[in-house]
Amino acid sequence: MDLKNQLNEIERKAEELFEKIDNLDSLEALRIEFLGKKGRITEVLKEMAKLPAEEKPLIGQAANNLKNRINNMLAEKKAELEKVLADQRLKEETIDVSLPGKKIQIGHKHPLTLVTDQIKDIFIGLGFTIAEGPEIENEYNNFEALNVPKYHPARDLQDTFYIDDDYLLRTHTSPVQIRTMAVEKPPIWIIAPGRVYRSDDLDASHSPVFHQVEGLVIDKGISFADLKGTIHSFVTAVFGENTKTRFRPSYFPFTEPSAEVDISCVICEGEGCRLCSSTGWLEVMGSGMVHPNVLEMAGIDPREYSGFAFGMGIDRITMLKYGIDDIRLLFTNDKRFLQQF
Ligand code: PHE
């Protein structure tokens, strides 16, 4: 076969093979087969050396044309294959905007936090500011300075978690009264929310850790009437305008006189039911006029200043407000319970 025919045969073969190519790897193999150093066209060019001088340009020209043609076919096929690949990728990576999204669960405040926030708001509205103290407290602030002498039953190991002879987990928020009076001069109007600890067994109404809000007011001419007015405003703000407040004589070492505060039952409104043990009343806090001994120990002259204090359980207020019958629900963090708030 002469070289011209060989070139025609190569062209025919190339057209046939290119037609069938369906991926970039086989395309590269084909390029090497036709245009490579040992490829079909190179073979023809080698043969050209044997030709008479006048035929060389003709065959050379034809070989070059074929080379160009094959290069064009390569480029075309390559573009075609790359477009198929790109289309395929686009299809796979398309986002289906009609698919339902994954629902993100949004957290929210714990019922105790909701109620604490509400209590703070109410007292801030009455002119109080917020104070804080540590949960690990010294024996002096928790007892001594509150007029609870050594060997007083309230200091009993049964009630108090002692850390050592001097330190304990505070059993109430009242030590914040002492801390505040140590750094502030009257007039003092503060509330102090926080965690407190008592070595009680856990049951539906007791927990060894619970929460209180302390209140302390010290100013000139503060009387029991100021205590009653403040507490009644607070109670109606939390439990509703028609809620009644009752002050019942009681005893705390750090107040004199002292009173327990009852509110009319949130369920039966005074008729008598299971929640209020048929009394119509619910006990919600302890209160009283700050004992002169406490003022004196804090360096405040009881002949010049007087004050009142109160302390309530936030857990109890939360349970009454939302009708929760087991304090443990506030600490076990069961999402089925928490999601209801
Ligand atoms: N600290 C008392 C208690 O934990 C409550 C209280 C506070 C009573 C302030 C009177 C005045 O029971």
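Biologist: What makes the pair formed by a nitrogen atom of the ligand and the side chain of His172 a polar contact?

Modeller: This is a predicted model. In it, the ligand nitrogen is 3.0 Å from an N or O atom in the His172 side chain. The cut-off for such a pair is 3.5 Å, so this is a polar contact.

Biologist: Which atom of the ligand lies 3.0 Å from a polar side-chain atom of Ser174?

Modeller: A nitrogen atom of the ligand. For Arg198, the partner is an oxygen atom of the ligand, 2.9 Å from an N or O atom in the side chain. The protein buries 90% of the 330 Å² that the ligand exposes when taken alone.

Biologist: Where does the ligand sit?

Modeller: The space taken by the ligand is the largest pocket. Around the ligand are 14 residues, and His172, Ser174, Arg198, Gln212 and Gly311 come nearest.

Biologist: Which strand gives the largest share of the shell around the ligand?

Modeller: β9, with three residues. Strands β5 (209-219), β8 (281-290) and β9 (306-313) each supply at least two. By class, the shell has eight polar, four nonpolar and two charged residues.

Biologist: Why is the pair Glu80 and Lys77 called a salt bridge?

Modeller: Their closest N and O atoms are 3.5 Å apart. The limit is 4 Å between a Lys or Arg side-chain nitrogen and an Asp or Glu carboxyl oxygen, so the pair qualifies. The structure holds 26 salt bridges.

Biologist: Why are Glu80 and Lys77 separated by about one helical turn?

Modeller: Because they are three residues apart in helix α4 (residues 56-93).

Conventions: Residues are numbered from 1 along each chain as its sequence is written. This is a predicted model: local features need pLDDT of at least 70, side-chain atom pairs count only at pLDDT 80 or more; totals for chains, interfaces and linings use all residues. Side-chain values use heavy atoms; hydrogens and water are left out. A residue is near a molecule or strand if one of its heavy atoms lies within 4 Å of it. A polar contact is a pair of N or O atoms within 3.5 Å; within protein, one must be able to donate a hydrogen and the other to accept it, and residues adjacent in sequence count only if both atoms are side-chain atoms. Accessible areas come from the Shrake-Rupley method with a 1.4 Å probe; for residues, only the protein chains shown count as cover. On a 1 Å grid over the protein atoms alone, a cavity is a set of points where a 1.4 Å probe fits but cannot get out, and a pocket is an open set with protein on both sides within 12 Å along at least five of seven lines; lining residues have an atom within 4 Å of a point. A molecule sits in a cavity or pocket if more than half of its atoms lie within 2 Å of its grid points. Helices (H or I, at least four residues) and strands (E, at least two) are DSSP runs, numbered from the N terminus. Ala, Val, Leu, Ile, Met, Phe, Trp, Tyr, Cys and Pro count as nonpolar, Asp, Glu, Lys and Arg as charged, and the others, Gly among them, as polar.
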